[in-house]
Amino acid sequence: MYPVLFDLHLGRLGQFTVGTYGLFYALGFLLALRLAVHYARQEGIDPARIVDLGILTLLAGFVGAKLLLYALEPRLYFEHPMEMVRSLRSAGVFYGGFGLATLAALVYVRRHRLPLARVADLCAPPLALGQAIGRLGCFAAGCCFGRACSLPWAVTFSNPRAYELTGVTLGIPLHPTQIYHALSHLLMLGITARLMPRRRFDGQVFWTYVLCYAVLRAIVETFRGDAARGVFFGGRVSTSQIIAVPAALVALAMLRILSRRAAAETARQGG
């Protein structure tokens, strides 16, 4: 476990900590952006617009993830404001980031008159790639940790800095939920990348991503043990699991609607 790569001592300016999570977050973003540019060229969309869109959604996603994290436990952050500073070093709530990033993307795409469904499709595989890499940083930092378990692949965290930064349980074998997340994202990357050249209608890849994410996230959440995920019904259900239900239903509905529209358009052109 390496939650901190190194500390820079800047004299009177204090100490600057370079965290592993931040490094992997940045690496995931850069590789995801590179893949998005590749797909943009294939789709005949200006890569510069996609780069700008990527930066915008990165910032919006970061803010949205933190806002939802604070909203889940407002009393904690109101009574202990420094906890908000500490939380900047760890992950927030994905659906909060996804929601605000999507809103920002909609505004940007509409302003620049880009094809919304095609842009959404080309962003799906890069998003899955970035998440997979980011989860490795999550694992190094100890955030989003799992419940206690006795399985052969259980992990035991022991770094006091990790506890300081994320509150991870130390000295007890836990489910490596960060790795579960990373593997689920790699699976989504494979599904969406394979679907890109085979899609039957615009929007199919994006909504397939949303559906896969909702299902896989809900499954992995059953092994999580961190309080930051939000808990309801006596701790049996997390925030992400609650959001996953409508997300999956909306994705299924959109896939059905778009598929019918594509079939009707094909029939009209054939007739």
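What pattern does the chain follow when read along the sequence? The order is β-β-α-α-α-α-α-α-α-α-α-β-β-α, with 10 helices and 4 strands in the chain; helices (H or I, at least four residues) and strands (E, at least two) are DSSP runs numbered from the N terminus. This is a predicted model, in which local features need pLDDT of at least 70 and side-chain atom pairs count only at pLDDT 80 or more, while totals for chains, interfaces and linings use all residues. Residues are numbered from 1 along each chain as its sequence is written, and side-chain values use heavy atoms, with hydrogens and water left out.

Of the 271 residues, 44% count as buried, meaning under 20% relative accessible area with a 1.4 Å probe, protein chains only.

Helix 8 covers residues 177-195 and helix 9 residues 204-221. At 1.5 Å a residue, the 19 residues of helix 8 should span 27 Å (1.5 Å times one less than the number of residues), and the end C-alpha atoms are 27 Å apart, which agrees. Buried residues of helix 8 include Tyr180, His181, Ser184, His185 and Met188. Among the elements covering the buried residues of helix 8 are helix 1 (20-43), helix 6 (116-141) and helix 9, where contact means heavy atoms within 4.5 Å.

The axes of helix 8 and helix 9 come within 10 Å and cross at roughly 160°; axes are lines fitted to C-alpha atoms over the stretch in contact, and angles run from 0 to 180 degrees between N-to-C directions. That makes helix 8 roughly antiparallel to helix 9 (over 145 degrees).

Key. Parallel < 35°, antiparallel > 145°, perpendicular 65-115°, else oblique. Buried < 20%, exposed > 50% of the residue type's maximum accessible area, 1.4 Å probe, protein only.
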